[in-house]
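These are my notebook entries on one structure. I set down what I looked up, entry by entry.

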There are 6 protein chains.
Amino acid sequence: MRVPYALLRERLIRFLEEDIGFGDVTTELIIPDGVEVTAQIVAKEPMVAAGVLEVTVLFEIVGVKVIRSADDGSEVSPGEVVIEVRGPARAILTVERTALNILMRMSGIATATRRLVNKIREAGLGTRIAATRKTAPGLRYFDKRAVITGGGDPHRSSLDEAILIKDNHIAILGDVEKAVKKARSAASFTKKVEVEVRTPEEAVEAAKLGADIIMLDNMAPSEVESAMKLLRAEGLRDKVLIEVSGGITEENILEYARLKPDVISLGFLTHSARAVDLSLEIKTVEADAS
Amino acid sequence: MRVPYALLRERLIRFLEEDIGFGDVTTELIIPDGVEVTAQIVAKEPMVAAGVLEVTVLFEIVGVKVIRSADDGSEVSPGEVVIEVRGPARAILTVERTALNILMRMSGIATATRRLVNKIREAGLGTRIAATRKTAPGLRYFDKRAVITGGGDPHRSSLDEAILIKDNHIAILGDVEKAVKKARSAASFTKKVEVEVRTPEEAVEAAKLGADIIMLDNMAPSEVESAMKLLRAEGLRDKVLIEVSGGITEENILEYARLKPDVISLGFLTHSARAVDLSLEIKTVEADAS
Amino acid sequence: MRVPYALLRERLIRFLEEDIGFGDVTTELIIPDGVEVTAQIVAKEPMVAAGVLEVTVLFEIVGVKVIRSADDGSEVSPGEVVIEVRGPARAILTVERTALNILMRMSGIATATRRLVNKIREAGLGTRIAATRKTAPGLRYFDKRAVITGGGDPHRSSLDEAILIKDNHIAILGDVEKAVKKARSAASFTKKVEVEVRTPEEAVEAAKLGADIIMLDNMAPSEVESAMKLLRAEGLRDKVLIEVSGGITEENILEYARLKPDVISLGFLTHSARAVDLSLEIKTVEADAS
Amino acid sequence: MRVPYALLRERLIRFLEEDIGFGDVTTELIIPDGVEVTAQIVAKEPMVAAGVLEVTVLFEIVGVKVIRSADDGSEVSPGEVVIEVRGPARAILTVERTALNILMRMSGIATATRRLVNKIREAGLGTRIAATRKTAPGLRYFDKRAVITGGGDPHRSSLDEAILIKDNHIAILGDVEKAVKKARSAASFTKKVEVEVRTPEEAVEAAKLGADIIMLDNMAPSEVESAMKLLRAEGLRDKVLIEVSGGITEENILEYARLKPDVISLGFLTHSARAVDLSLEIKTVEADAS
Amino acid sequence: MRVPYALLRERLIRFLEEDIGFGDVTTELIIPDGVEVTAQIVAKEPMVAAGVLEVTVLFEIVGVKVIRSADDGSEVSPGEVVIEVRGPARAILTVERTALNILMRMSGIATATRRLVNKIREAGLGTRIAATRKTAPGLRYFDKRAVITGGGDPHRSSLDEAILIKDNHIAILGDVEKAVKKARSAASFTKKVEVEVRTPEEAVEAAKLGADIIMLDNMAPSEVESAMKLLRAEGLRDKVLIEVSGGITEENILEYARLKPDVISLGFLTHSARAVDLSLEIKTVEADAS
Amino acid sequence: MRVPYALLRERLIRFLEEDIGFGDVTTELIIPDGVEVTAQIVAKEPMVAAGVLEVTVLFEIVGVKVIRSADDGSEVSPGEVVIEVRGPARAILTVERTALNILMRMSGIATATRRLVNKIREAGLGTRIAATRKTAPGLRYFDKRAVITGGGDPHRSSLDEAILIKDNHIAILGDVEKAVKKARSAASFTKKVEVEVRTPEEAVEAAKLGADIIMLDNMAPSEVESAMKLLRAEGLRDKVLIEVSGGITEENILEYARLKPDVISLGFLTHSARAVDLSLEIKTVEADAS
């Protein structure tokens, strides 16, 4: 999930504009034009790097060259350099905050995602970790990319990407069957149909109606277990993908994963991710010969 | 800090567009046109409401009427209604996620801010809690407003609002004195000059040079104490505002506040705020008579 | 597939701006302010109306009221009124061309789509008619909506909506198997995987690899027939959706439809649709009393 | 009629964004980074190339180099290369559809225009072929450029470019004389005044009133002939330009052209142009050494 | 020359956004919500009102009602009310500066234009006063509208509206004849061809070549006189429009006008217009009962 | 006060687009592609150059190279070259007007500012010359930069940059004391508080209440003198900055400056600056060998 450089550039310019307003008056006043520096963005804690591509483009926008950088998705230890740049002192100081804000958020999301993915892999399980649409407004693209970088599945990027019949749809329509039938007959053949269910019985009903994915929403592990059993008993388990969602935490995730759903989705990856700690340090200063 | 309705409307339309793409295909397929519902956004945990104004405008954008709502800045208990709306079922379902994403983030930031403000007030202290520019890219306006709603000070909204000479400026320029003098003589008379210092001695130097605000950056409480003493000894304490920043947490904040700086600023209020839990519930469903 | 009114309004304002430039100088010079008229947009040939919703919003943008209109998707005979409006003469004359351009194009696409859908239904067949991404640049949303209005399936709206492995992907990768396996393991679980194949054997291979949809591209009816037979022989026909594409015309479409693919997709519906003939006629003129 | 590169670039980025959404997920998943290819866009039928400049810029936007290309306006035979490019496989696949959509539409319009221009030239006549404002919404610039490329006259690009008093203006005002007089006295001296007339008598009236151009609208060839005769009889023929419009087809155009109007304008050139058939073919594949 | 309300609204929102940034912090802090006021924008000197329509829309954008206002183009005496408004105190204070900036500039341009138009009319002459493209960047539409409001001719609004062969075109091409011939044969038949000449002889040459308009550029009155005589002598005077431009001031304009050119164009009307003096005064204050 | 190149570029492209519309049809028709020229923008009167940076970027946007140029802020004599460029003739002719419009306005503002700054310096005084928010709509950034280039202080760039309690705020609130107290307690600690006063007594009151800056508005020199004396008598002069504003002209400015306020601000610098006279001259013409 990646837009071309020219599009990414435009979006990053908007972020820069937001932070700069009429100008970085401090830097203009006290840093002479023509001073060149090298600087490093350094990890202050263990993290999975994300946003390196984005910040590289951001630096290029203001004429700063990225000399070396960690790969997006790589694990970085405290004290390690995530990005090293060289260019006009003024430009580096002006983009510093925007660059760090992007990296801190994206790496924070990727780090949280990776931790859960690893937990599941280390338990010998194959369940996917997925994001939700609970992203920061305006940051859907960046938040989802960070989840992918951490090893997660982005899930729907926007409402047009798949049919997902949620509890409130059913609350209004009053009927799972009607909803699924309508969706199956009228939706584009290119889209999957997912249904959110609240009971094991509804899960079976949705599977019988031909849903491609069933979301077991806000169920205790025991309920998920019942649903899985019922589906197997009816010979439907392999016909659908099972997504478990709601109330899942880093603490209880293995209880769910051991029941072997296909996917576990978690809103907090994007709506409450803790930013990782990074800082930009000036390494060398020299006047530009030009 | 509030832009006119017409400007806010435009920004919220962008958030909506991001989530909708080519259309909310699920809702269009299964919810008939003409169904009217009432729905409530309900708190799932104690919180300070923020973003109510924004979400009210968002609902109005799609023709949904807000019937009642908590005031921005008010404290809301679990189970209480934050916003109750009435309007076309399709419109409510289509904006649901965007509305919740705004409210969850802004209320999360306001709630964290209020908790710290209260902690300081309850200790009988007057220090202000301030935000930083460590906001989510593109959300500066919304993040800062949430801090204000929580009772905090927004600090600079963008680089053009005040002079703030940071460690990296000094690292490049090599000299606090030169930096402050340049800033004082060349900056617009409408702007304050703030200087970030690393030692008590630099604090005194900056104050003597006429800085309006001194940021004691990444100092232990004992260092802050020394700086305050030195400033008082030199008769400079009342000539400057003291901002303490870096390494301050909910746990150690009172240790700093007891030293009576004017301001304590904290990045995590905006870069790592935990979203509060809210959900939208359909209360009544009826077909539109029209 | 429908964006909220506020979003649609913005896009239509862009179309209007394109046509107006600095102003409709003719109308301003010769039509006095305050003249009110009623006008009708009348069909000059049989057509399926599409774009009525869009043009209604367009008229509202300039303060013109739509009094009555045909439903989008309804069949309209020559001489029938598609939209009747009442409002300031200046406003109606200024939007006339933009309104007609939208209606003529969208109704043209819907009319062509409906004709094919009817042909298939009248032959007692169930194959869906689908669009492609061969739309006019900038008009994806409008072209796809017109296809839906005509009774067709929009197919992917953009590259992010589904995995579609095309001939050029395979030409570069050199291998259907590798492509499908990669896509199946790495794509989001929310997306279907479609594969474009050139031979009946490749169709079987793709189905075995777990593709959700198989596109039989540029095949003669006899080749499509072989592919269908082979798939049935392998017990794979019900596991995949079959889309036929390439070289299909209004003349030969039944030859393909009789082979009972799930979908027939046609680029010309959107890239070469003939606009239908409509004109705006002034019915009554009166000076505004206000 | 040509905007600078930087402006064209921006508009093409919007077309690309429309097609890509959150990313070309198929290509990202299955085509490795670093693969370089050469590809050719090849004509599948005889055509006049148009949009080559635009597509060249489009390829440059994503870092793909155009190696050779047909000139805009040149005639291309089936099997001939219109554009040959070299660059990252991913980039070429991602822009393929947008590039083809632009080329197919613009070349379609240019080809239809050229055919009519040639028809008239081959009959030894000098009448100009002109477009109208019946262009696809949002594509005025591109559609008009395609007409020019085909050898036609773009006519007004927007409502501000010239005064054109149409039938509906007169229907409302009730009087050709009043309209032309008002326009002549109040319009900027930089603009021509054109009047649409329905009878030979009105043509004479408009010419006497000082119209610069007279549009004979929806007249049969015999009526056009009468109008021309009347104008000549009154010594007015050389004082005005005569544009014939409405109901003209490829079949009957010579009947009109033989009457020697200055211009024949045709809406179908842009509102119903058949796209020409082009395809992008991968010629060589190699891994990038870098 | 007037764009629809919806387009004007968008442009005015941009002006407002420029002045407000993150918010009108002063007003928010000290003026309570709910206070309603009436206010008047009052002329401080004699002026021709222009921008009244624009400022009316601006006030409506923020929910302020215009109660009465002078007509655009009317003459206003010192002390007279140009616009009286009623609405929320906050909104009025927040738009005050933007409203005044628009009115002061547009009325300044209209007032200067009217003064020259009157001077010419009072001398019993009919020459038109025209603007040039020497407008403030981004304000072409507003500056030209102000000229029209003052009674002037807007001339070309942008480079696409007419052919104007300037001295630099000829300097590069080296030849008036070649330039005019090329333009006449290749330009759209909808556009006039104007030629800028430096000598009476060139004026005659251009007229013979079929130019529609001849600009006598930077000529002394005696040279203009010679050119007019020569044209008359050749029987060409009535075949072309004569525009005089360059070096004309309020002082010498009648010397030129008496030579009876069709148009005199002046850059200073828009590039150096003195803003007129206006101020916004609060008339009544009351708390809102709601 | 300077935005990064990428942001400036975007804004200049908007100015260019405004002037070009669908294309510079004259230049395209008569100047052959491939002609290269050198051209000079030459001063026609003494001026302070401003906008050179902006126009350099503008030329780069269309592929024209700036060979040499005067520094922004330098004094240029009549006949001197401000900018010399080399590049495609078509590009230079197409941007000519936009480039000149920017330079003429910005240099006009800088020249007027410098004249006042010099007048004060030559009288041996230190008062700063400041701009106001009375800028042309949409040109805040460019107008303020021109003032800075001329040696002036930009004052607030937008309403969010500082607290400025104006006469209308006080008129509504009814009380200076209440306004200043509210502002001082609630405004961000990063912002100065300025108060506009109408009498010497109010000046003292505002200073006592802790205002950072006091604006003496529309006072005669004698009143300013009284205010200064009263402030000194109360020992408050050094605690505040004094800004004098309203009714100050080039003629009377020294009367004010001799009273030693800190700042004199003048609206006419930006709302009524006379554009300086500049012209673009073609120096050499050659066909491009490429």
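I began with pLDDT, the predictor's confidence in each residue, from 0 to 100. Chain A averages a pLDDT of 96, and 99% of its residues score at least 70. I noted that this is a predicted model, in which local features need pLDDT of at least 70 and side-chain atom pairs count only at pLDDT 80 or more, while totals for chains, interfaces and linings use all residues. Residues are numbered from 1 along each chain as its sequence is written, chains are lettered from A in the order in which they are written, and side-chain values use heavy atoms, without hydrogens and water.

I next looked up helix H9 of chain E, residues 221–233 (helices are DSSP runs of H or I, at least four residues; strands are runs of E, at least two; both are numbered from the N terminus). The expected span is 1.5 Å times one less than the number of residues. For the 13 residues of H9(E) this gives 18 Å, which agrees with the 18 Å between its end C-alpha atoms.

Which residues of H9(E) are buried? I found E:Val224, E:Ala227, E:Met228 and E:Leu231 to be buried (under 20% relative accessible area; exposed is over 50%, partly exposed in between; 1.4 Å probe, protein chains only). They cover an arc of only 95° around the axis (taken from the directions from the helix axis to the C-beta atoms), so they lie on the same side of H9(E). On the other side, E:Lys229 and E:Ala233 are exposed.

The buried residues of H9(E) pack against helices H8 and H10 and strands S9 and S10 of chain E (contact means heavy atoms within 4.5 Å). After H9(E) comes E:Gly235, with a positive phi near 70°.
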